[in-house]
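Student: I have a new structure open and I'm not sure how to read it. Could you walk me through a few features?

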Amino acid sequence: MRRFVEAGLETRLTPQTRYTLCALWAMAMLAATPAVSRAADEWQVGTAPSFSSGKYGTDTRTEVLHTPITARRLFDDGDLTLVFPFTCIWGDSGVTVVNGTPVRTERIGSSGSSTGTTTDRSTDAARDGRTGTSAPAGRTTADVAAPPDASAVGTSVSACGMGDIVVRGRYYLLDERAWMPTIAVRAHVKAPTASAERGLGTGRPDEGLALEVSRTLAGGFMAMVDGGYTVIGKPVGEDFENSWWYDVGVGQNLAGGAANLSVFFSEYRAIVPGFANARDILVALSVKGSSGWRIQVSGQRGLSEGAPDHGITFSAGRRF
């Protein structure tokens, strides 16, 4: 960024462009970081296409295809990840895509704005192989200037484009030993690189912190509890509240640890008072393949109006 300032070009860069440059700079720093991780597990690259569908309290159905490309640098005590997504949305103009998840943002009596936001929602194929399948991060919905039981007035939309870039880091505070669980802290920053006008994002950054706790039980079972708090970027004219989320789950190793089956219940606070929190159930099957390959298939079922009715995700990644 310094050379842009020195050349007198800083004022010509939009906020979205500056955040994009910062994300690319973070990726360059990842590549330049000394190799202090395990020799066989220095990097993991992959993608996790997901498809979701729901009405979100409207009269029409909204469908979203979200395809993030991830590059992760693995270290002895944590990891650092860059997420670069591509998103498509078909459906109601009163629904906005945030971090790959559609959220309700417009109702009768609203000012016509189509903005909303959420906590970071990304499903990792595994937590660096140390704690089993990771719990998904959050999503939430927003109600703007109208009662929750109002019906939608949005028109049909169809848009595809770049989503919001996310930089995410995790640090392991404690490895499981004796009666102690594995404990990790996680932080993320969302750069508003998606188009707010096309319903692909909010146009504002988010940042958040989370805590992950897991413990192996008898018979190969694993218990997992995650929770976090996100500082919500507030678009002009919107009075969004910061969001909390949590999820609880259990996992079972299969085939001698080559596979893992996990089930999670999640809840995420709505960022606009008066709107229902998002709740869902997610089931995931992860498989470790040869040559560092990891594959995961997960299905989601919404339990409240704030969540998609259903969704499916297929992720594949390779470590090297």
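Tutor: Sure, let's start with one cysteine: C88 is buried, at a relative accessible area of 7%. Buried means under 20% relative accessible area, exposed means over 50%, and partly exposed is in between, using a 1.4 Å probe and protein chains only. Keep in mind that this is a predicted model, where local features need pLDDT of at least 70 and side-chain atom pairs count only at pLDDT 80 or more, while totals for chains, interfaces and linings use all residues. Residues are numbered from 1 along each chain as its sequence is written, and side-chain values use heavy atoms, leaving out hydrogens and water.

Student: Which residue forms a disulfide with C88?

Tutor: In general, a disulfide is a covalent bond between the sulfur atoms of two cysteines. Here a pair counts if the cysteine sulfur atoms are within 2.5 Å. C88 pairs with C160, with 2.0 Å between their sulfur atoms. C88 sits in strand β4 and C160 in strand β7 (residues 156-162), so the disulfide ties together parts 72 residues apart in sequence. Strands (E, at least two residues) and helices (H or I, at least four) are DSSP runs, numbered from the N terminus.

Student: What is the handedness of the disulfide?

Tutor: Look at the torsion about the S-S bond: for C88 and C160 it is about 115°, so the disulfide is right-handed. As for cover, C160 has 29% relative accessibility and counts as partly exposed.

Student: How do I read strand pairing? Which strands pair with β8?

Tutor: Two strands pair if DSSP finds at least two bridges between them. Strand β4 (residues 78-92) pairs with β8 in the antiparallel sense, over 6 bridges, and V83 is opposite V166 in β8. On top of that, β8 pairs with strand β9 (residues 182-191), again antiparallel, over 9 bridges. There, R168 is opposite H188 in β9.

Student: How many residues of β8 are buried?

Tutor: In strand β8 (residues 165-174), 7 of the 10 residues are buried, so the strand is largely enclosed by the rest of the structure.

Student: And which residues make up the largest nonpolar core?

Tutor: In soluble globular proteins, nonpolar side chains tend to be buried together. A nonpolar core is a set of buried Ala, Val, Leu, Ile, Met, Phe, Trp, Tyr and Cys residues joined through side-chain atoms within 4.5 Å. The largest one has 6 residues: V64, I89, V97, A159, A194 and L200.
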